[in-house]
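I am opening my notebook to look up a few side-chain contacts. Come along and check each entry with me.

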Amino acid sequence: MDDDGTPLLVIVDGANVVGSVPDGWWRDRPAAARRLRDHLAANGLPGHPGPVEMVLVVEGASRDVEPVPGVHVDPAPADGDGDDHIVTLVAAAPTRPRLVITADRELRRRVTELGARVAGPRTVRG
């Protein structure tokens, strides 16, 4: 939470975080995205003492994954990719505290240039 009480905006790079664990996710990408979504809903942002707004960005075959209480699921446009969509979300909230969860180096560079903090997949995967 920011000093003014604004919840931390946590944007999770769904494809990158799902792909960080070799658990067979490639056999059923939507199911893997749902498992991540449910994990985020149950665990939030471990170690963060306050409210967060959790956004899971999905793309491709996972675009139809539904939101659940505590996790907004935001599909990347069909003609775009998840990274560009994450950058758009970060840019759209310049006054909010923002944390992007990804291991993608280029995405990390792009969002930190916009003032967001970054953390790796283990932050939310445990």
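**Entry 1: a pair in a helix**

In which helix do E113 and R109 both lie, and how many residues apart are they? I looked them up in the model, which is a predicted one. Both sit in helix 4 (residues 105-113), and they are four residues apart, about one turn of the helix.

Next I checked what their side chains do. E113 and R109 meet in a salt bridge, with 2.7 Å from N to O. I had a reminder ready for this: side chains of opposite charge can pair when their charged atoms come close.

Then I looked at how open each partner is. E113 is exposed, because its relative accessibility of 57% is over the 50% cut-off. R109, at 37% relative accessibility, counts as partly exposed.

I also found that this pair has company. E106 joins R109 and E113 in a network of salt bridges.

**Entry 2: counting the salt bridges**

How many salt bridges does the structure hold? My tally came to five, and I wrote up two more of the pairs.

One of them joins R96 to E53, whose closest N and O atoms are 2.6 Å apart. This pair links distant parts of the chain, with the two positions 43 residues apart in numbering. I placed R96 in the loop between helix 3 (82-91) and strand 4 (98-101), and E53 in strand 2 (residues 52-58). For E53 I noted a relative accessible area of 34%, so E53 is partly exposed.

The other joins D38 to R37, and here the closest N and O atoms are 2.8 Å apart. Is R37 buried or exposed? R37 counts as buried, because its relative accessibility is 9% and the cut-off is under 20%. Its partner D38 is partly exposed, with a relative accessible area of 38%.

**Entry 3: rings**

I then turned to aromatic side chains. How many aromatic pairs does a search of the whole structure find? I got one. It is made by W25 and W26, whose ring centres are 5.6 Å apart. Why is the pair called edge-to-face? The ring planes stand at 80°, and over 60 degrees counts as edge-to-face, so the name fits.

Last, I compared the surroundings of the two rings. W25 is buried, with a relative accessible area of 18%, whereas W26 is partly exposed at 45%.

Notes: Residues are numbered from 1 along each chain as its sequence is written. This is a predicted model: local features need pLDDT of at least 70, side-chain atom pairs count only at pLDDT 80 or more; totals for chains, interfaces and linings use all residues. Side-chain values use heavy atoms; hydrogens and water are left out. Rings of Phe, Tyr and Trp (its six-membered ring) pair if their centres lie within 6.5 Å; planes under 30 degrees apart count as stacked, over 60 as edge-to-face and the rest as tilted. Buried means under 20% relative accessible area, exposed over 50%, partly exposed in between (1.4 Å probe, protein chains only). A salt bridge is a side-chain nitrogen of Lys or Arg within 4 Å of a carboxyl oxygen of Asp or Glu.
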